[in-house]
Amino acid sequence: MTRNKTTAATRTTHQATGARLDPASLPVRPGEEPWTAEEVMELQAELTAEAADLRAEIQTAEEAVSGLMRDSGDGAGDDQVDAGTKNISREHELSLAANARDMLAQTERALLRIAGSQFGFCESCGKAIGKARVQAFPRATLCVECKQKQERRY
């Protein structure tokens, strides 16, 4: 079936005109139903909402770190437990912000892939990631097989 691959001509036309690809031409794995416009729009809306949530989470974490830094002062009068607690709180907030930034980058990349010609294709082997996988994990850039290979290396 030719639905599993988008032709180079279709990709070039899509890139040149900025037009959306026909959702039915997006890659799916054998046995999966073709994408519908509604499914693609729903996925895009989900990612857009997630990006907004992550931006708010980053802002909240950065404000918390700023408050912890401001309140820490020089530590005069703090015993070791208080100083340690403040350090742990600050590190925790920094970690949350870093994680949210990573997730935001992945989410924005997924939105770019939806808008571009690489949506649904594995970045490693070029085959279809699979509609079910993308719907379950919209930030997926690898098919299941390539992801398993990657995880075995670590």
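Good morning. I begin with the largest cavity, whose lining consists of seven nonpolar residues, one polar residue and one charged residue. The structure in question is a predicted model. The residues that line this cavity are Ala110, Arg113, Ile114, Phe119, Gly120, Ile129, Val134, Pro138 and Ala140. Helix 3 gives the largest share of that lining, namely three residues. The space enclosed in the largest cavity comes to about 50 Å³, and the structure holds one cavity of 30 Å³ or more.

Let me now place this cavity within the overall fold. The chain contains five helices and zero strands, so that, read along the sequence, the pattern is α-α-α-α-α. Of the 154 residues in the chain, 30% are buried. Among contacts with a separation of 6 or more, 59% are between residues 24 or more positions apart. As for the surface, the chain exposes about 9,800 Å², and 53% of that area is supplied by carbon and sulfur atoms.

I turn next to the interior. The largest nonpolar core has 17 residues, and those that touch the most other members are Trp35, Leu43, Leu47, Ile114, Phe119, Cys122 and Val134. Helix 2, residues 37-72, and helix 3, residues 80-115, each supply at least two residues of this core. Apart from it lies another core, made up of five residues, including Ala51, Leu54, Ile58 and Ala100.

Valine 134 deserves a separate word. Val134 belongs to the lining of the largest cavity, and Val134 is also listed among the core residues that touch the most other members. Once neighbours within four places in sequence are left aside, valine 134 is in contact with Trp35, Leu43, Phe119 and Ile129. Of these partners, Phe119 and Ile129 also line the largest cavity.

My last residue is lysine 131, which is located in helix 4, residues 131-136. Is this lysine 131 buried or exposed? Its relative accessibility is 7%, and lysine 131 therefore counts as buried, the cut-off for that class being under 20%. Which residues is lysine 131 in contact with, leaving aside its neighbours within four places in sequence? They are Val28, Glu32, Glu33, Pro34, Trp35 and Glu39. Trp35 thus appears in two of these contact lists, that of lysine 131 and that of valine 134.

To close, I return to the starting point: the largest cavity, of about 50 Å³, has a lining with seven nonpolar residues, and Ile114, Phe119 and Val134 are part of that lining as well as of the largest nonpolar core. Thank you for your attention.

Definitions and conventions. Residues are numbered from 1 along each chain as its sequence is written. This is a predicted model: local features need pLDDT of at least 70, side-chain atom pairs count only at pLDDT 80 or more; totals for chains, interfaces and linings use all residues. Side-chain values use heavy atoms; hydrogens and water are left out. Helices (H or I, at least four residues) and strands (E, at least two) are DSSP runs, numbered from the N terminus. Buried means under 20% relative accessible area, exposed over 50%, partly exposed in between (1.4 Å probe, protein chains only). Contact means heavy atoms within 4.5 Å. Accessible areas come from the Shrake-Rupley method with a 1.4 Å probe; for residues, only the protein chains shown count as cover. A nonpolar core is a set of buried Ala, Val, Leu, Ile, Met, Phe, Trp, Tyr and Cys residues joined through side-chain atoms within 4.5 Å. On a 1 Å grid over the protein atoms alone, a cavity is a set of points where a 1.4 Å probe fits but cannot get out, and a pocket is an open set with protein on both sides within 12 Å along at least five of seven lines; lining residues have an atom within 4 Å of a point. Grid points are joined across faces, edges and corners, and a volume is the space filled by probe spheres set on the points. Ala, Val, Leu, Ile, Met, Phe, Trp, Tyr, Cys and Pro count as nonpolar, Asp, Glu, Lys and Arg as charged, and the others, Gly among them, as polar.
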